[in-house]
Amino acid sequence: MENCIFCSIVNGDIPADKLYEDDAVLAFKDVNAQAPEHFLVIPKEHISTPNDATDEALLGKLSITASEIAKDRGFAEQGYRLVMNCNSDGCQSVFHIHLHEKH
């Protein structure tokens, strides 16, 4: 997708503090962190909004990746928040689906 900041991160055009990467997803620290632990988990494939998502396994992979990172970073048992916004009224500001994880 042209001019998508997350696609640029996936392509390596924009650096990111990566926490996890495989063939399907990428997780990295949020540059505008709103919590001591705040990172994003995104699909490498451009999908604009949750309304456009059709791959149930990919959406599940985003959540499972987030929980694995929480375990690895030592705060899974304390708890954390997962958020996915949809469209402008739902506070989505980057139109490439992404899961926020905050602790």
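Start by selecting L19, which counts as partly exposed at a relative accessible area of 25%. The model on screen is a predicted one. L19 sits in strand 1, the stretch covering residues 18–21. Show the residues around L19: leaving out those up to four places away in sequence, L19 touches A27, F28, K29, F39, I69 and R73. Next add L40 to the selection. L19 and L40 are 21 residues apart in sequence, and their C-alpha atoms are 9.4 Å apart in space.

**The whole chain**

Now zoom out and colour by secondary structure. The protein chain has two helices and five strands. Read from the N terminus, the order of these elements is α-β-β-β-α-β-β. Along the principal axes, the C-alpha atoms fill a box of roughly 40 × 30 × 25 Å. The radius of gyration of the chain is 13 Å, which agrees with the value near 13 Å that a compact globule of 103 residues would have.

Colour by accessibility next. Of the 103 residues, 41% are buried. The accessible surface of the chain comes to about 6,000 Å², and carbon and sulfur atoms account for 46% of that surface. For the charges, select the 8 positive and the 17 negative ones as two groups; the mean positions of the two groups are 7 Å apart.

How do contacts link distant parts of the sequence? Among contacts between residues at least 6 apart in sequence, 54% join residues at least 24 apart.

**The largest core**

Select F39, V41, I47, L62 and L99. These are the residues with the most contacts inside the largest nonpolar core, which has 14 residues. Strand 2 (25–29), strand 3 (38–43) and helix 2 (56–73) each supply at least two residues of this core. Which element gives the largest share? Helix 2 does, with five residues. As background, nonpolar side chains in soluble globular proteins tend to be buried together.

Stay with L62 and display its surroundings. Beyond its neighbours within four places in sequence, L62 is in contact with V25, V41, I42, P43, M84, I97 and L99. A second core, separate from the largest one, has 10 residues, including C4, C7, V10 and L40.

**Along helix 2**

Move to S67, which lies in helix 2. Is S67 buried or exposed? S67 is buried, because its relative accessible area of 16% is under the 20% limit. Setting aside neighbours within four places in sequence, S67 is in contact with Y80 and E101.

**Helix 1 and the segment before it**

Go to helix 1, residues 5–10, and pick F6. F6 is buried, with a relative accessible area of 5%. What does F6 touch, not counting residues up to four places away in sequence? The list is F28, L40, I42, V94, H96 and H98. Add F95 to the view and draw a line from its C-alpha atom to that of F6: the two residues are 89 residues apart along the chain, yet the C-alpha atoms are separated by 8.8 Å.

Step back to N3, in the segment before helix 1. N3 is exposed, with a relative accessible area of 74%. For another distance, select I47 together with N3. They are 44 residues apart along the chain, and their C-alpha atoms are separated by 14 Å.

**The loop between strands 4 and 5**

The last stop is a loop with two residues to inspect. N87 is in the loop between strand 4 (81–83) and strand 5 (99–102). Look at its backbone: N87 is not a glycine, but its phi is positive, at about 65°. Most residues other than glycine have a negative phi. N87 counts as partly exposed, at 32% relative accessibility.

Then select C91, also found in the loop between strand 4 and strand 5. C91 has a positive phi of about 70° and is not a glycine either. Is C91 buried or exposed? At 59% relative accessibility, C91 counts as exposed.

Methods: Residues numbered from 1 in each chain as written. Predicted model: local features only at pLDDT ≥ 70, side-chain atom pairs only at ≥ 80, totals over all residues. Heavy atoms only, no water. Helix = DSSP H or I, 4+ residues; strand = E, 2+ residues; numbered from the N terminus. Rg over C-alpha atoms; globule rule 2.2 N^0.38 Å. Buried < 20%, exposed > 50% of the residue type's maximum accessible area, 1.4 Å probe, protein only. Contact = heavy atoms within 4.5 Å. Areas by Shrake-Rupley, 256 points an atom, 1.4 Å probe, with all protein chains shown as cover. Lys, Arg positive; Asp, Glu negative; His and termini not counted. Charge placed at Lys NZ, Arg CZ, Asp CG, Glu CD. Core = buried A, V, L, I, M, F, W, Y, C linked by side-chain atoms within 4.5 Å.
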